[in-house]
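Here are a few short exercises for you to try. Have a go at each one before you read the solution.

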Amino acid sequence: MAITNIDEYAHLSRDDIEALGVELTTIRRDVEDSRGRRDARYIRRTIAFQRALDASSRLLLALSRGRIGWVLGVAGLGVAKSIENMEIGHNVSHGQWDWMNDPEVHSTTWEWDMAGTSTQWKYAHNFVHHRYTNVVGMDEDVGFGVMRVTRDQRWRPRHLLQPIQNLVLAATFEWGVAVHDVDIHQRSGVRAVAVKIARQSAKDYVLFPALSGRRWRRTLAADATANLLRNVWAYLVIFCGHFPDGAEKFTLEELERETSSEWYLRQMLGTANFRAGPVLAFLSGNLCYQIEHHLFPDLPSNRYAEIAARVRPLCEKYDLPYTTGPLARQYWQTFRTILKLALPDCLLVATADDAPETASESKFRAQSRAGVRSASSSAESRRCGLRTALRNRSTSSW
C-alpha cells in the first residue's frame, strides 16, 4: 500500500524533518526577496517571443506553397502553443508573476490557449493536486481518473485497455484535462467548459481555416497537427514528473497528521525531475524541475534551476533520493507502469509495499533496523536516511 508514515519511510527523525522544512523555507524567502526586474523582463520577453513565433508560423503557413513551408509552419506553431501552455499559461495561473501587479500576467486574468478554463484548472490543479499531491483518494491526478498507476488503485477489467487509453490521452491531452477538471468540480462548470471548447474550436478549426480561403484544408490540417504536437508534449512532461519510479504515493492516514515540513517532504518524495538543458527546460515550462515546482509552485519558473542547485545538496545532507534521469528513461519507467498495472495483481510479481511504482514503510520492517533507521539524534552521527535505507535493502536482497 502507499506510505502511511512519511517519517518512518524517509528514515528521518521529527527534528530532521523540521530542520529540512526550515531550510526550504529559507530558500523560498531568499527567492521572494530577490524577485525583480530580471524576472519581470524574462516573462515579458517570453510572452513577446511566443506571440511573434505564433504569428510568424501562421504567416509562413499562409504564404508558403510547398511541403517544407507547411512542416516548418506547423513545427513553429506547435512550439508556440507549447510555450503558451507550459511556460506561460501554467506558470502564470500558478500566480508566479502576481507580485508584479501587472494585469496582463496575473493569475486572475490570464486565459490560456487550450480547451479547459483557467478558473477550473486552478482549482483542480493549484488547490487539489498541489495540496494533496499523490494522496490516493484525494489527488485526482493520480492516473487522471482513467488509468491505474499504483497498486493502491483497485484493478478493474477496464484497465486492460489502459495502454490504448494512454495513447488516446496523449493525443487529446487538452480535452482530457478539460473534462478531468469539470469532473473535480462535480459538473458545476460544464457550461463554462462548453463555452470555452466552442470558442477554442472555432478559433482553430473555423476562423483560421476560413481566413485561408481555398487553402482552408491546409490550414485546418496545420492547426490540428500543431495541437496534437502540443498535447503529446504536455502529456510527456506531466507524466514524466509524476509517474516514474521513485515518485511515491501516500495515504489519507499520512495526511491527517501532516506538518508543513512533512508537506515539503511529501513533495520531494512524490515527484520526479528529468534532465534538461536550457532549451528543453524552457520548452517544458521548466517542469523538468518538477520537484522544485512542487516545493515552490508560486515562485517564478525561471528561478527553478538555481533553486535546484540548493535543493539537491539538501537531499545529500538529509540522505534523501533526488529522483531524476534522462527524459527517455523517465518516460520508459512511466510507460512500463502503465503496461504492467493494466493487469490484475495476481499476475504481478512485486508486492504493493515493494514495487517500483508503489512502496511503503512496510518494505523495510523485515530488515534489521540497525544501520538503517536515522542516527541523526546524535550530533556526531552521519544521517542514515531513505537513500541509504534503499541502498542497504537493495544490497541485502542479493
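**Exercise 1.** Work out whether glycine 213 is buried, partly exposed or exposed, and find its place in the chain.

*Solution.* Step 1: glycine 213 has a relative accessible area of 40%. Step 2: compare that with the cut-offs, where buried means under 20% relative accessible area, exposed means over 50%, and partly exposed lies in between (1.4 Å probe, protein chains only). So glycine 213 is partly exposed. Step 3: glycine 213 sits in the loop between α8 (190–211) and α9 (216–242). Helices here are DSSP runs of H or I with at least four residues, numbered from the N terminus.

A quick word on the source: this is a predicted model, where local features need pLDDT of at least 70 and side-chain atom pairs count only at pLDDT 80 or more, while totals for chains, interfaces and linings use all residues. Residues are numbered from 1 along each chain as its sequence is written, and side-chain values use heavy atoms, with hydrogens and water left out.

**Exercise 2.** Find how far apart the C-alpha atoms of glycine 213 and methionine 86 are.

*Solution.* Step 1: along the chain, the two are 127 residues apart. Step 2: in space, their C-alpha atoms are separated by 32 Å.

**Exercise 3.** Which residues form salt bridges with arginine 387?

*Solution.* Step 1: recall the rule, a side-chain nitrogen of Lys or Arg within 4 Å of a carboxyl oxygen of Asp or Glu. Step 2: glutamate 316 fits, with its closest N and O atoms to arginine 387 being 3.1 Å apart. This pair joins distant parts of the chain, with glutamate 316 in helix α14 (residues 304–317) and arginine 387 in helix α16 (residues 386–396), 71 residues apart. Step 3: aspartate 319 fits as well, at 3.2 Å between the closest N and O atoms. Aspartate 319 lies in the loop between α14 and α15 (327–340), 68 residues from arginine 387. Step 4: check the surroundings. Arginine 387 is partly exposed at 23%, glutamate 316 is partly exposed at 48%, and aspartate 319 is buried at 2%.

**Exercise 4.** Describe the salt bridge between lysine 340 and glutamate 357.

*Solution.* Step 1: the side chains meet at 3.0 Å, N to O. Step 2: lysine 340 belongs to helix α15, and glutamate 357 to the loop between α15 and α16, 17 residues apart. Step 3: lysine 340 is partly exposed at 21%, whereas glutamate 357 is buried at 2%.

**Exercise 5.** How many salt bridges does the structure hold?

*Solution.* The count is 28.

Note on methods
Helices (H or I, at least four residues) and strands (E, at least two) are DSSP runs, numbered from the N terminus.
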